[in-house]
Structure formats: C-alpha cells, structure tokens
Amino acid sequence: MRAYFLPYIEAALQKAGIETGTEIQIEKPTDKKFGDFSTNIAFLLAKEARKNPRELAGQLIGLFAFPEGTVTKTEVAGPGFINFHLDPGFVMRSAGAVLEEGEAFGCNEAGKGQKAIVEYVSANPTGPLTVGRGRGGVLGDCIANLFETQGYAVTREYYFNDAGRQMQILAESVRYRYLEQCGQVIEFPTTHYQGDYIGEIAETLFIEHGDGLASLDDLALFKETAEGIIFSSIRRTLERLSITHDKFFNEHTLYQSREGKPSGNQQVIDALDAKEFIGRYDNATWFMTTKLGQEKDKVLIKSSGDPSYRLPDIAYHVTKFERGFDLMVNVFGADHIDEYPDVQEALKILGYDTSKIRVAINQFVTTTVGGQTVKMSTRKGNADLLDDLIDDVGADATRLFFIMRSKDSHLNFDVELAKKQSKDNPVFYLQYAHARICSLVRMAAKEVGFDEATATGEGLPLLSSEPEIELASSLLDFPDVIASCLRFLEPQKMVEYLHTVAERYHKFYQECPILKADENVRDARLALSLCVRQVLRNGFRILGISAPESM
RNA sequence: ACCCUUGUAGCUCAGAGGAUAGAGCAGCAGUUUCCUAAACUGUUGGUCGGCAGUUCGAGUCUGCCCAAGGGUACCA
C-alpha cells in the first residue's frame with residue numbers, strides 16, 4: 001500500500017517544486033472517516049515552504065495524479081492532514097492478488113544481494129535454557145525470518161564460550177556431585193551451580209565409570225561431559241521451539257593464531273594499540289575508555305593473562321565485518337545492556353562502520369500462575385526452565401507469548417491464559433481463524449465442488465459490504481506491517497496485526513453467508529477466505545507458529 | 001551514587017511530535033432453524049506516575065522528582 005502510493009505523492013511534491021529530504025509518512029488513520037490512508041507531509045514541509053499546513057495541503061491535493069480507479073477522494077482535513085479514500089473495487093482487486101502471490105505476498109527484494117547476520121541465544125553451555133533466554137531466542141528467530149522476507153541472505157549465529165571461568169566452575173560443580181555419588185560427604189560451595197542437572201550429569205559419569213574418577217584431578221572429563229550433555233539439551237529445547245542456527249561460533253577460535261597470523265584477540269589489541277587506546281598498568285591490559293569520556297578504563301586482558309569477555313567480544317564483531325556482512329543484528333537480554341557500547345566504541349576506533357550493526361534488547365520475563373508472580377532468576381538453580389514452560393503450554397503459545405508484547409516491556413507470561421482454549425488466548429484466536437477457513441474450504445469442496453487449486457481472486461470486486469471491504473483492506477497492510485516490524489526490530493506488531501485480520505475474518509464469517517450465497521458471490525467469498533488464509537500463513541511463518549487445519 | 005528500560009481504563013498492553021488517547025480481557029446487555037458460538041454485536045470505564053519547560057501542537061521531546069525491573073567485576 002505504502003509502496004504503491006509513495007511514488008505518486010513524491011511526484012506531486014515535485015510538481016509543487018518542493019525538494020526535500022524529509023521522509024514522507026503515510027499512516028492509517030484510526031478513524032475510518034479520515035480515509036484509508038493519510039499523510040502529514042503538509043505539517044512537515046510547512047516551515048520550509050513558508051506556508052501554513054492547511055494552505056500547503058490545499059495546494060498539494062490538486063497535484064496528485066493517481067491511476068484511474070484507485071483513489072476516489074483526496075481531502076484536506078483538520079489542521080492540515082491530507083486524507084485519501086480508496087475505491088472499494090481497487091481494494092478488492094488488490095486483495096485478490098494475494099492468491100497469485102501466495103507465499104511471496106509480503107516479500108520483496110529490498111535486501112537482495114546483501115548478507116545479514118542475526119546473532120541470538122548465545123548462551124554458554126553452563127546449564128539448561130531458562131525462560132528468560134527463550135524470549136531472546138524467539139525474538140531473534142523472528143527477526144531473522146523478517147529479514148529473509150526482504151531477500152537478505154541471513155546467517156543465524158550462536159556465539160558461545162566453552163573455555164573461561166564459568167565453565168571451570170561448571171566442571172567443579174559436576175565433580176563435587178560426582179564425589180557425593182561416590183559416597184563422600186562434601187560441602188557443596190554456594191558459589192557453584194546448584195541446579196539438579198548437575199547431579200544428573202554426575203550420575204551419568206558414575207554409571208559409566210563407577211568411582212574410578214574420584215581421584216582424578218584433571219577436570220577435563222567433567223567439563224567435556226557436562227558441556228556435551230548441556231549443549232545437546234539446549235539444542236533440543238531450541239528445536240522444540242523451531243529455533244535454528246546456521247552456525248555455532250566458538251569464542252575459543254578467537255584465541256588461536258592461524259596461518260602465522262596472530263589470534264583475533266591479539267589483532268584487536270595491536271590495532272587498538274596503534275590507535276593509542278591501549279593502556280598497560282596494574283599488571284593488566286586496558287581499553288582506555290577514559291579517553292572517550294568514561295569514568296573508568298575497561299580491562300581487556302586480566303592480570304592472570306586471560307582475556308576478559310570484552311576482548312573476544314570485540315574480536316568476534318571484527319569477524320562479522322571480515323566475513324562481509326552488510327547488516328548485523330545482535331539480540332540479547334537486558335543484562336547485557338552495558339556491554340555493547342564498549343564493543344561499538346572499539347569497532348569505531350578500528351575504523352568499522354558501526355551503522356551496520358543493530359541491537360535488539362529484550363527485557364526480562366516474569367511468569368504468573370494463578371495471579372501469583374514468579375520472578376525468573378538465573379544461576380541459582382531455581383530458575384524456571386524453558387523446557388518446563390514448553391511442556392506446560394506448548395511450543396506455539398510459548399513463542400507467541402514471548403513476542404506478543406514489545407521487547408522493551410517487561411513480559412508478564414500468564415501461564416494459565418496460554419493454556420486456555422478460547423479467544424482470550426491470542427494463540428488460539430489466531431489459529432482458530434485459520435482452522436475455520438480450512439474447514440470452510442473442505443466443506444465447500446464437498447458440498448459445492450469448490451476447487452481451491454483453481455480459485456482466483458478475479459471475482460472479489462463483486463463483494464462490497466463493509467465487513468468484506470474492511471477485511472480485504474486489512475490484508476493489504478501486510479507488507480507495511482513487515483516493514484514496520486523491521487524498522488523497530490519488533491515482531492510484536494505482526495502479532496497485533498494478525499489479531500486484527502482474524503477478528504475481521506470472524507466478523508465477515510458471522511455476517512456474510514458463504515456456501516449459501518449465489519454462486520458468483522459464494523466463490524468470491526471463498527476466494528477472499530483463501531486470501532485471508534494465505535496472509536495468516538505468511539504471518540505465522542514469520543512468527544514461527546503452526547497453522548492448524550482443524551482444531 | 002551513576003547508567004538502561006518501564007509507568008496509559010479494574011487487568012494485560014498498543015500508540016513514527018499531529019485529528020475527539022485506542023485494542024483485548026474482565027463487567028454489563030444481547031446474538032445459534034444457518035458454513036466450527038473455540039465465534040459475533042452493543043455498551044460502561046482515562047488527572048496518559050507527578051511537576052516544570054520546548055512547540056502552532058506533547059501520552060510522545062527536554063529537565064527535575066516518585067515508583068518497578070535490570071545493570072554498573074581483572075564473571076559472561
């Protein structure tokens with residue numbers, strides 16, 4: 001819709017002799033009486049045109065030259081809005097085209113030839129995924145799906161570290177539990193991982209080795225076993241939510257020198273050093289962020305000689321640039337919010353174009369059960385597990401609930417609502433609309449020999465009642481909604497949109513008889529239903545939820 | 001102490017500086033000889049956390065204050 005009309009608005013501005021870099025905003029008015037779409041350009045351009053908005057708008061409306069049969073009325077309203085009213089026939093014709101476009105409806109090639117990387121989940125293998133992690137995982141997956149609709153070649157990446165101090169603690173934790181299995185009485189340190197899964201890993205080792213490892217000082221076996229078991233559990237959990245990755249990037253590779261070249265970490269140090277942003281004192285190596293106005297420098301290499309997480313993080317992002325990505329999206333939780341600016345500053349100093357990086361930060365999740373709020377905590381062992389949530393409410397509800405609120409708001413996951421089988425539950429409401437259409441199409445095939453394979457949208461202009469036009473009109477918004485989701489890295493808008501489509505379909509279904517209508521009208525209504533089904537499917541695919549054919 | 005996010009109807013939340021602030025749920029009143037009532041229709045409900053400012057115009061931008069969550073490691 002926006003893409004269709006934008007050129008005509010630009011042409012009108014040109015005719016008026018207005019040259020401007022101002023972005024033209026086309027919006028859908030909340031009130032129907034203000035037309036099908038409107039623009040506020042007269043406000044935005046009033047100052048530079050040295051006219052008042054109403055006057056400028058009045059001048060502009062004479063200059064629009066839309067194609068025959070599209071816009072029926074253009075008017076100036078309020079303090080200077082320009083409102084456009086669409087020809088219902090145009091709306092119906094356009095909606096009918098959804099059938100021909102099928103899965104491609106909503107897609108375009110804006111990102112063709114461009115490489116994008118979306119990094120998400122990136123949890124270290126120190127324990128099973130928690131509910132909080134799930135939100136970022138689903139968000140990242142949806143964002144990757146969104147970019148794919150624009151023709152980007154998307155790489156989905158998981159960045160992890162299996163070296164480092166946390167893994168050491170993990171190995172020790174397993175060893176303590178293992179010694180308990182062997183019958184030793186030990187005091188389990190409060191600093192270590194408390195979760196039940198540690199005991200289970202220890203049990204696996206005990207079953208396999210008996211007490212043969214009790215005097216083993218080397219932690220390698222404990223670490224490897226734990227990592228193997230935990231990683232496969234993480235992957236299994238992600239798989240249940242249809243979250244996939246093309247690549248698991250091991251942080252450790254940044255520590256290794258290759259082909260005679262220094263390691264990625266070392267290259268970052270050298271490059272920052274050359275720009276005089278490296279300081280060496282207190283036995284450590286520092287990124288001199290005080291030079292950028294920050295209060296303290298940041299440690300890159302600890303006095304122990306090991307890099308802090310910040311250094312490989314920078315080196316990791318360097319690899320993204322070296323791998324030639326045109327767009328890099330990082331998805332992470334609010335607990336990492338302070339880490340990112342340092343990485344960005346370092347990359348800027350190293351001469352990389354950080355405008356290619358976009359960051360999506362999601363706030364935390366609390367779950368409520370029976371009105372009681374349960375806070376999700378990490379690392380304590382009492383953290384709620386994502387797997388348990390999926391067991392409880394299913395994969396579709398888990399996914400949808402994670403993204404049906406904006407990522408910036410703290411999510412209140414109502415477990416009971418997610419299980420409800422009624423319109424209160426958005427998952428059900430959306431899927432029911434889809435199932436209802438499938439059922440209708442099955443019935444039509446049986447009763448009146450309707451063949452969906454040969455159906456076309458050509459008859460849609462026969463339909464002219466309000467529920468039909470409203471429904472068709474909402475279908476045309478789909479590409480704009482995708483654009484909006486991408487602009488804000490916010491799939492929540494898609495959920496809201498699909499809810500509107502479903503709602504209008506239910507209303508249409510209620511008010512317009514389909515199988516009992518005259519043949520031409522019947523087929524047109526069936527075709528419209530197929531268009532709705534297609535939009536729902538395309539939307540569901542972006543959100544990663546299933547499209548059940550019956551319920 | 002500082003930094004980030006949030007604060008909008010009883011509840012959960014939308015609101016890209018613009019029109020009379022919107023949905024959904026709950027509440028209240030209705031709809032089934034008819035394709036899925038797992039649905040639909042109508043309706044009640046607001047000091048947009050508070051105060052000041054910028055603007056022709058502020059829920060939206062700025063400052064201060066209040067409240068909730070998160071972060072401020074030679075942990076990741």
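## Residues around the RNA

In this predicted model, 64 residues surround RNA strand B, and those that come nearest are K33, F81, K423, Y432 and R436. What mix of residue types makes up the surface near RNA strand B? It divides into 24 nonpolar, 20 polar and 20 charged residues.

Several secondary-structure elements take part. At least two residues of this surface come from each of β4 (81–86), β9 (284–287), α15 (426–448), α17 (478–488) and α18 (492–511). Which of the elements gives the most? That is α15, with eight residues.

## Backbone and base contacts

Now let us look at the RNA side. Among the atoms of RNA strand B within 4 Å of the protein, sugar or phosphate accounts for 60%, and bases make up the rest.

Some base atoms have polar partners that you can pick out in the structure. The side chain of R487 places an N or O atom 2.7 Å from a base nitrogen of RNA strand B. Backbone atoms of the protein take part as well: at L515, a backbone N or O atom is 2.8 Å from a base oxygen of the strand, and at M551, a polar backbone atom is 2.8 Å from a base nitrogen.

## A three-stranded sheet with a helix on it

β9, one of the elements that supply residues to the RNA surface, is also part of an open sheet. Three strands form this sheet in the order β8-β9-β10, with antiparallel pairing. Its edge strands are β8 (278–281) and β10 (298–301), each of which pairs on one side only. On average, neighbouring strands of the sheet are turned by 40° against each other, direction ignored.

If you would like to trace the pairing by eye, follow β9 and β10. These two strands run antiparallel and are joined by three bridges; in one example, F287 has K298 of β10 as its bridge partner. Helix α9, residues 264–274, packs on the sheet and touches β8, β9 and β10. The direction of α9 makes about 105° with that of β8.

## Domains of chain A

Finally, here is the wider layout. The domain assignment divides out three domains in chain A: domain 1 covers 2–86, domain 2 covers 164–240 and domain 3 covers 423–543. How far apart are the C-alpha centres of domain 2 and domain 3? They lie 52 Å apart.

Methods. Residues are numbered from 1 along each chain as its sequence is written. Chains are lettered from A and ligands numbered from 1 in the order in which they are written. This is a predicted model: local features need pLDDT of at least 70, side-chain atom pairs count only at pLDDT 80 or more; totals for chains, interfaces and linings use all residues. Side-chain values use heavy atoms; hydrogens and water are left out. A residue is near a molecule or strand if one of its heavy atoms lies within 4 Å of it. A polar contact is a pair of N or O atoms within 3.5 Å; within protein, one must be able to donate a hydrogen and the other to accept it, and residues adjacent in sequence count only if both atoms are side-chain atoms. Helices (H or I, at least four residues) and strands (E, at least two) are DSSP runs, numbered from the N terminus. Ala, Val, Leu, Ile, Met, Phe, Trp, Tyr, Cys and Pro count as nonpolar, Asp, Glu, Lys and Arg as charged, and the others, Gly among them, as polar. Two strands pair if DSSP finds at least two bridges between them. Axes are lines fitted to C-alpha atoms, for helices over the stretch in contact, and angles run from 0 to 180 degrees between N-to-C directions. Contact means heavy atoms within 4.5 Å. Domain bounds come from an automatic or database domain assignment.
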